[in-house]
Amino acid sequence: MELELRGKRALVTGSSRGIGLAIARALVAEGGRVALNARGAVAVSAAARDIGAEAGVPGDVTDHDEAQRVVGAAAASLGGLE
């Protein structure tokens with residue numbers, strides 16, 4: 001299915017496993033440029049590598065300041081976010 005996501009840039013939180021990882025995998029499969037986020041640095045880096053995402057950004061997005069940092073790092077890695 002063509003969802004017109006080729007080249008679109010997205011940050012997917014909670015994406016080292018489960019539903020978040022499935023969403024990130026689908027976005028990558030559709031040609032999206034994706035940054036993954038999860039609290040565990042090792043897990044998010046491994047997940048990003050496994051699905052071909054461009055970045056894995058560890059951090060706890062339940063904390064406001066940390067969420068700001070995660071969004072900034074993802075945007076910097078991908079050249080912006082849609």
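Three salt bridges are present in the structure, which is a predicted model. One of them joins the side chains of glutamate 82 and arginine 9, with an N to O distance of 2.9 Å. Arginine 9 belongs to strand β1 and glutamate 82 to the segment after α3 (64-78), so the contact ties together parts that lie 73 residues apart in sequence. Glutamate 82 has a relative accessible area of 56%. The cut-off for an exposed residue is over 50%, so glutamate 82 is classed as exposed.

Another salt bridge forms between the side chains of arginine 33 and glutamate 54, at 2.7 Å from N to O. This pair also links distant parts of the chain. Arginine 33 sits in strand β2, glutamate 54 in the loop between α2 and β3, and 21 residues separate them. Arginine 33 is partly exposed, at 27% relative accessibility. Glutamate 54 is likewise partly exposed, with a relative accessible area of 44%.

A further salt bridge pairs glutamate 66 with arginine 69. Here the closest N and O atoms are 2.8 Å apart. Both residues lie in helix α3. They are three residues apart, so about one helical turn separates them. Glutamate 66 is partly exposed, with a relative accessible area of 25%. For arginine 69 the relative accessibility is 39%, which again counts as partly exposed.

Arginine 9 and arginine 33 also take part in strand pairing. Arginine 9 stands opposite arginine 33 of β2. Strand β1 (residues 9-12) and β2 run parallel and are joined by four bridges. Between these two strands the chain passes through helix α1 (residues 18-29). The resulting β-α-β crossover is right-handed.

Strand β2 pairs with strand β3 (residues 55-58) as well. These strands run parallel, and four bridges connect them. Within this pairing, alanine 35 has alanine 55 of β3 as its bridge partner. Helix α2 (residues 41-51) completes a right-handed β-α-β unit with β2 and β3.

How many of the six residues of strand β2 are buried? Five are, so the strand (residues 33-38) is largely enclosed by the rest of the structure. The cut-off for a buried residue is under 20% relative accessible area. Arginine 33, at 27%, does not meet that cut-off, so it counts as partly exposed.

Strand β3 shows two faces. Ala55 and Val57 make up the covered face. Gly56 and Pro58 make up the uncovered one. In a regular strand, side chains alternate between the two faces of the sheet. Glycine 56, in strand β3, is partly exposed, with a relative accessible area of 29%. The C-alpha atom of glycine 56 lies 19 Å from that of leucine 5. Along the chain these two residues are 51 residues apart.

Arginine 6 is located in the segment before β1. Its relative accessible area is 60%, and arginine 6 is therefore exposed. The C-alpha atoms of arginine 6 and valine 28 are separated by 8.6 Å. The two residues are 22 residues apart along the chain.

The largest pocket encloses about 220 Å³ of space. Its lining includes Thr13, Gly14, Ser16 and Arg17. Asn37, Ala38 and Arg39 contribute to the lining too. Gly59, Asp60, Val61 and Thr62 are also among the lining residues. By residue class, the lining comprises two nonpolar, six polar and three charged residues.

Conventions
Residues numbered from 1 in each chain as written. Predicted model: local features only at pLDDT ≥ 70, side-chain atom pairs only at ≥ 80, totals over all residues. Heavy atoms only, no water. Buried < 20%, exposed > 50% of the residue type's maximum accessible area, 1.4 Å probe, protein only. Pairing = 2+ DSSP bridges. Right-handed = clockwise from strand over helix to strand, strands pointing away. Salt bridge = Lys/Arg side-chain N within 4 Å of Asp/Glu carboxyl O. 1 Å grid on protein atoms, 1.4 Å probe; cavity = no way out; pocket = protein on both sides within 12 Å on 5 of 7 lines; lining within 4 Å. Points joined across faces, edges and corners; volume = space filled by probe spheres on them. Nonpolar A, V, L, I, M, F, W, Y, C, P; charged D, E, K, R; others polar.
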